[in-house]
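Let's take a walk through this model, from its overall build down to a handful of individual residues.

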Amino acid sequence: MTYVVTDACIKCKYMDCVEVCPVDCFYEGEVMLVINPNECIDCGVCEPECPAEAILPDTESGQEQWLELNANFSAGWPNITRKKDSPADADEFKGQEGKYEKYFTPEPGSGD
Ligand code: SF4
Ligand code: SF4
């Protein structure tokens, strides 16, 4: 089991999650973060910290797509352990449906 970041993070990137993770297993893409499933220790501390409710345990139904995305992109994106400023327009995208189809990019973020 692991926790995963879902499409609810896309273009929100509030980054409250990275500060609390005891094993620093968040990785930054241009428009969202992901968790490395091999490093996550399933502590669950990050889940309630996310204002966009973007973090879920992969045991919830329908998370297969996000588990695959987290596993794939955490291998190539840079590690992030410190909260940075979230995008100025983050609140406009909070709770929007279909963000993966509209906005996802495989580009890396800048990391720490
Ligand atoms: S707190 Fe939530 S929205 Fe912000 S970066 Fe973490 S997972 Fe994404
Ligand atoms: S569940 Fe714990 S170890 Fe896994 S990403 Fe969240 S804070 Fe980090």
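Of the 112 residues of the protein, 36% count as buried. Keep in mind that this is a predicted model. For a chain of 112 residues, a compact globule would have a radius of gyration near 13 Å, and the 12 Å found here agrees with that. Along the principal axes, the C-alpha atoms fill a box of roughly 30 × 30 × 25 Å.

There are 4 helices and 4 strands in the protein. Read from the N terminus, the elements go β-α-β-β-β-α-α-α. If you take the contacts between residues at least 6 apart in sequence, 85% of them join residues at least 24 apart.

**The core**

Which residues touch the most other members of the largest nonpolar core? That core has 31 residues, and the answer is Val5, Cys9, Cys17, Phe26, Leu33 and Val34. Strand 1, helix 1, strand 2, strand 3 and helix 2 each put at least two residues into this core. As a background rule, nonpolar side chains in soluble globular proteins tend to be buried together.

Phe26 gives a good view from inside. Setting aside neighbours within four places in sequence, Phe26 is in contact with Cys17, Val18, Cys21, Leu33, Ile35 and Ile80.

**Helix 2 and its two sides**

Helix 2 covers residues 64-74, and its buried residues are Trp66, Leu69, Asn70, Phe73 and Ser74. Looking down the axis of helix 2, you find these buried residues within an arc of 110 degrees, so they line one face of the helix. The general background is simple: an α-helix has 3.6 residues a turn, so residues three or four places apart point the same way.

What covers the buried residues of helix 2? The cover includes strand 1 (3-5), strand 2 (26-28) and strand 3 (33-35). On the face turned away from the buried side, helix 2 carries the exposed residues Glu64, Glu68 and Asn72.

**The two ligands**

Here are the shells side by side.

| Ligand | Residues around it | Nearest residues | Make-up of the shell |
|---|---|---|---|
| Ligand 1 | 13 residues | Cys9, Tyr14, Cys17, Cys50 and Ala52 | 11 nonpolar, no polar, 2 charged |
| Ligand 2 | 13 residues | Tyr3, Cys21, Cys40, Cys43 and Cys46 | 11 nonpolar, 1 polar, 1 charged |

Some of these names come up elsewhere too. Cys9 and Cys17, listed among the nearest residues to ligand 1, are also among the core residues that touch the most other members. Cys21, one of the nearest to ligand 2, is in contact with Phe26.

**The loop between strand 1 and helix 1**

This loop is worth a slow look. Lys11 sits in the loop between strand 1 and helix 1, and has a positive phi of about 65 degrees although it is not a glycine. Is Lys11 buried or exposed? Lys11 counts as buried, because it has 22 C-beta neighbours inside 10 Å.

Lys13 belongs to the loop between strand 1 and helix 1 as well. Its phi is also positive, about 45 degrees, and Lys13 is not a glycine either. With 25 C-beta neighbours inside 10 Å, Lys13 counts as buried.

Then there's Met15, found in the loop between strand 1 and helix 1. Met15 has 21 C-beta neighbours inside 10 Å and so counts as buried. Beyond its neighbours within four places in sequence, Met15 is in contact with Lys83, Lys84 and Ser86. Met15 and Leu33 are 18 residues apart in sequence, with 8.2 Å between their C-alpha atoms.

**Two residues further out**

Val23 lies in the loop between helix 1 (16-20) and strand 2. Val23 counts as exposed, because it has 12 C-beta neighbours inside 10 Å. Leaving out neighbours within four places in sequence, Val23 is in contact with Glu39 and Ile41. From Val23 to Cys43 it is 20 residues in sequence and 9.8 Å in space, C-alpha to C-alpha. Cys43 is one of the nearest residues to ligand 2.

Tyr100 is part of helix 4 (residues 99-103). Tyr100 is partly exposed, with 16 other C-beta atoms within 10 Å. Which residues does Tyr100 contact, leaving aside its neighbours within four places in sequence? They are Asp7 and Ile10. Asp89 is 11 residues from Tyr100 along the chain, and their C-alpha atoms are separated by 17 Å.

Notes. Residues are numbered from 1 along each chain as its sequence is written. Chains are lettered from A and ligands numbered from 1 in the order in which they are written. This is a predicted model: local features need pLDDT of at least 70, side-chain atom pairs count only at pLDDT 80 or more; totals for chains, interfaces and linings use all residues. A residue is near a molecule or strand if its C-beta atom, placed from the backbone, lies within 6 Å of it. Ala, Val, Leu, Ile, Met, Phe, Trp, Tyr, Cys and Pro count as nonpolar, Asp, Glu, Lys and Arg as charged, and the others, Gly among them, as polar. A residue is buried if 20 or more other C-beta atoms lie within 10 Å of its own, exposed if 12 or fewer, and partly exposed in between; C-beta atoms are placed from the backbone. The arc is that of the directions from the helix axis to the C-beta atoms. Two residues are in contact if their C-beta atoms, placed from the backbone, lie within 7 Å. The radius of gyration is taken over C-alpha atoms; the globule rule is 2.2 Å times the number of residues to the power 0.38. A nonpolar core is a set of buried Ala, Val, Leu, Ile, Met, Phe, Trp, Tyr and Cys residues joined through C-beta atoms within 7 Å.
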